[in-house]
Amino acid sequence: RELSSAFGPNTTIEAWTGPTGSSKDFELIGSCVEVKSRRVAAKPFVAISSENQLADVEGSRLFLRVVNVASAVLPEGQSLHDHVGITAEVFKEDGAAFDAWEEALYSRGYDPENDYDDRRWLLGSAANYEATEGFPRISLPLLTGVEDVRYSIALDACERFKVGGDMIDIIRNGLENE
């Protein structure tokens, strides 16, 4: 939703490559963004599901966005259906973008008939990090015979890579300078 308000629905849906099997969630000109959510009360780690998720992309800056969420069976917060509905409003203005968004959403297993209403989600703060030299991640290429790597990153080890300022502005500047 943030990317769409900054760049419009068409750019956003084109950039959302995660549902297509890409290793990055969003790929824009000059920037890639991997998004992770973590429960507020969980240990301060994020799970990285492949060796390529935080791998460098030539000519692009790589960002990790970590969103804190709280989950409860309470009247506060929003259900998954609520979040999908709010996001649908962002894309409904553009028929092609909406169709692409809906197709991507369903391809990842969202089922509007499923009863997701018992669990409520509260979105909390988000932190943005830039994966530059020294960022805690697995380096490529992997040794021969090592494949399908999954690992966790301690968020305290990412602190010195925290992005100062608005990540959307940094991405926008990258797009304007290409």
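Is Arg172 buried, exposed or partly exposed? In this predicted model, Arg172 is partly exposed, with a relative accessible area of 26%. Arg172 takes part in a salt bridge with Asp169, in which the closest N and O atoms are 3.0 Å apart. Both residues belong to helix α5 (residues 167-176), where a spacing of 3 residues separates them by about one helical turn. Asp169 also counts as partly exposed, at 36% relative accessibility.

Side chains of opposite charge can pair when their charged atoms come close. The structure holds 8 salt bridges, including the one between Arg172 and Asp169. Another joins Glu130 to Arg61, with 2.7 Å between the closest N and O atoms. This pair links distant parts of the chain, since Glu130 lies in strand β5 and Arg61 in strand β4, 69 residues apart. Glu130 counts as buried at 15% relative accessibility, because the limit for a buried residue is under 20%. Arg61, at 38%, counts as partly exposed. A further salt bridge is formed by the side chains of Lys36 and Glu34, at 3.5 Å from N to O. Lys36 is buried, with a relative accessible area of 13%, and Glu34 is likewise buried, with a value of 1%.

Strands β4 and β5 are part of an open sheet. The sheet is formed by 4 strands in the order β1-β2-β4-β5, and the pairing is mixed. Strands β1 (26-28) and β5 stand at the edges; each has a single partner strand, so one side of each is left without a neighbour in the sheet. Neighbouring strands are turned by 25° against each other on average, direction ignored. The pairing of β4 with β5 is antiparallel and extends over 9 bridges. Within the sheet, Ala72 stands opposite Arg120 in β5.

Arg120 also appears among the contacts of Ser79, a residue in the loop between β4 (61-72) and α3 (80-91). Leaving aside residues up to four places away in sequence, Ser79 touches Tyr116, Asp117, Arg119, Arg120 and Trp121. Ser79 counts as buried, at 0% relative accessibility.

Two backbone features were identified in the loop between β5 (120-130) and β6 (151-154), which contains Pro141 and Asp148. The peptide bond from Leu140 to Pro141 is cis, with omega near 0°. Asp148 has a phi near 50°, a positive value in a residue other than glycine. With a relative accessible area of 66%, Asp148 is exposed, whereas Ser79 in the loop between β4 and α3 is buried.

Notes
Residues numbered from 1 in each chain as written. Predicted model: local features only at pLDDT ≥ 70, side-chain atom pairs only at ≥ 80, totals over all residues. Heavy atoms only, no water. Buried < 20%, exposed > 50% of the residue type's maximum accessible area, 1.4 Å probe, protein only. Contact = heavy atoms within 4.5 Å. Pairing = 2+ DSSP bridges. Axes fitted to C-alpha atoms, helices over the stretch in contact; angles between N-to-C directions. Salt bridge = Lys/Arg side-chain N within 4 Å of Asp/Glu carboxyl O.
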